[in-house]
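Colleague: Could you take a close look at one part of this model for me? I would like to hear about a single helix and its surroundings.

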Amino acid sequence: FRNGWFYPGDKGSFTQDGVLHLHGRHDDLVNFGGEKFDLHALDAHALKCSGVTDAAMFTVPDELGLPSPWIALVSQQNFRLEDLSDWMRQSYPSLPQAAAVFVMGIPRLSGGQPDRAALAQSVQAS
């Protein structure tokens, strides 16, 4: 609460006719090397890469406890991870190299957002 208003942490916008569109959460912002990245925007960009069927960025703490970038991928046959890396660098040149994990499907929360916590837990458990 601030000044009597509740701030849930969601990002959104209103259309001209007053319809609210939710775009993600503020907690989807992460800091890699001093620069902030919106995981939702990174997901959307990765999905536009040829051969990517579904994708979700998430973080796993490194040996210092800092968030390191990971991406879960559902891809077509003959997909090359190098192509995705080149694709991401075109729009996000300062994005650190992400570790990749190939999955059969991206776990999702009830609202359709990727379950980033479940992805991180699955990587940490392996």
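**A close look at helix α1**

Modeller: Happy to, and please keep in mind that this is a predicted model. Let's begin where the helix begins: at the start of α1, a side-chain oxygen of D38 comes to within 2.8 Å of the backbone nitrogen of H40. The helix itself covers residues 39-47, and its buried residues are L39, L42, D43, H45 and A46. These buried residues lie on the same side of α1, because they cover an arc of only 165° around the axis. The spacing behind such a pattern is a general one: an α-helix has 3.6 residues a turn, so residues three or four places apart point the same way.

What do the buried residues of α1 pack against? Their partners are the strands β3 (29-32), β4 (35-38), β5 (52-61) and β6 (67-75), together with the helices α2 (81-91) and α3 (116-125).

Two of those strands belong to an open sheet of 3 strands, ordered β5-β6-β7 with mixed pairing. Here β5 and β7 are the edge strands, each with a single partner, so one side of each has no neighbour in the sheet. From one strand to the next, the twist averages 25°. α1 packs on this sheet by touching β5 and β6, and its direction makes about 145° with that of β5. α3 packs on the sheet as well, touching β5, β6 and β7, with its direction at about 70° to that of β5.

Finally, a look at that neighbouring helix: R116, L119, A120 and V123 are buried in α3. They fall within an arc of 95° seen down the axis, so they line one face of α3. The buried residues of α3 pack against α1, β5, β6 and β7 (99-102), while the face turned away from that buried side carries the exposed residues Q121 and A125.

How values were computed
Residues numbered from 1 in each chain as written. Predicted model: local features only at pLDDT ≥ 70, side-chain atom pairs only at ≥ 80, totals over all residues. Heavy atoms only, no water. Buried < 20%, exposed > 50% of the residue type's maximum accessible area, 1.4 Å probe, protein only. Helix = DSSP H or I, 4+ residues; strand = E, 2+ residues; numbered from the N terminus. Arc of directions from axis to C-beta. Contact = heavy atoms within 4.5 Å. Polar contact = N/O pair within 3.5 Å; in protein donor to acceptor, adjacent residues only side chain to side chain. Pairing = 2+ DSSP bridges. Axes fitted to C-alpha atoms, helices over the stretch in contact; angles between N-to-C directions.
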